[in-house]
Amino acid sequence: LGDAQTYYQVFRGLGCGTSAPASTPEVVLNPRRLREFPGAATVALGLEKVAWFGSRWAQIGNNFGRRFKRAHQWTAWEVNSDWVEEQKSTRTASAGSKDAPWIS
């Protein structure tokens, strides 16, 4: 989770920054997979807990959940498009131009 500036810093850092506001500082990111993670997770959790993920009971629980539980729709955020348009029209009218200032 982060604010709009953090989002756009990550967005620009991944090379997608053409639509980010010009005031957003450019940060260069080097995303890479940490190959040490599985080993570190095993050390942190212990062999018994890591082995449980592949156990028969875990597979039964996973299959049961997929078949009988209602699917949940996960979203990071929801955009109220009507509200955004209302804000843009209000700002455009008050600015006296056809372009609304950037609204997050």
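**Helix α1**

I started with helix α1, residues 4-13 of this predicted model. Which of its residues are buried? I found Y8, R12 and G13. Next I looked down the axis of α1. The buried residues fall within an arc of 135°, so they line one face of the helix.

**The whole chain**

I then stepped back to the overall fold. I counted five helices and zero strands. From the N terminus on, the order reads α-α-α-α-α. How much of the protein is buried? I noted 11% of the 104 residues. Y8, R12 and G13 of α1 belong to that buried class.

I checked contacts next, taking those with a separation of 6 or more. Residues 24 or more positions apart account for 12% of them. I also looked up the surface. The protein exposes about 9,700 Å². Carbon and sulfur atoms supply 56% of that area.

**A nonpolar patch**

I went looking for nonpolar side chains on the surface. Which residues make the nonpolar patch? I listed L45, W52, F53, W57 and I60. Together they cover about 620 Å². I then asked which elements give two or more residues to this patch. They are α3, residues 47-53, and α4, residues 56-68.

I picked out F53 from the patch. F53 sits in helix α3. Is F53 buried or exposed? I read a relative accessible area of 56%. The cut-off for exposed is over 50%, so F53 counts as exposed.

**Aromatic pairs**

How many aromatic pairs does the structure hold? I found two. One is formed by W52 and F53. Their ring centres are 6.1 Å apart, with 70° between the planes. I logged this pair as edge-to-face. Both W52 and F53 also belong to the nonpolar patch.

F64 and F68 form a pair too. Their ring centres lie 5.0 Å apart. The planes stand at 45°, so I logged the pair as tilted.

Where do F64 and F68 sit? Both are in helix α4. They are four residues apart there, which means a separation of about one helical turn.

I closed with the accessibility of these two rings' residues. F64 has a relative accessible area of 49%, so I noted it as partly exposed. F68 reaches 60% and is exposed. The 50% cut-off for exposed falls between these two values, so F64 and F68 get separate labels.

Definitions and conventions:
Residues numbered from 1 in each chain as written. Predicted model: local features only at pLDDT ≥ 70, side-chain atom pairs only at ≥ 80, totals over all residues. Heavy atoms only, no water. Buried < 20%, exposed > 50% of the residue type's maximum accessible area, 1.4 Å probe, protein only. Contact = heavy atoms within 4.5 Å. Areas by Shrake-Rupley, 256 points an atom, 1.4 Å probe, with all protein chains shown as cover. Arc of directions from axis to C-beta. Patch = residues over 30% accessible without salt bridge, like charges linked within 9 Å, V, L, I, M, F, W, Y side chains within 5 Å. Salt bridge = Lys/Arg side-chain N within 4 Å of Asp/Glu carboxyl O. Phe/Tyr/Trp six-rings, centres within 6.5 Å; stacked < 30°, edge-to-face > 60°.
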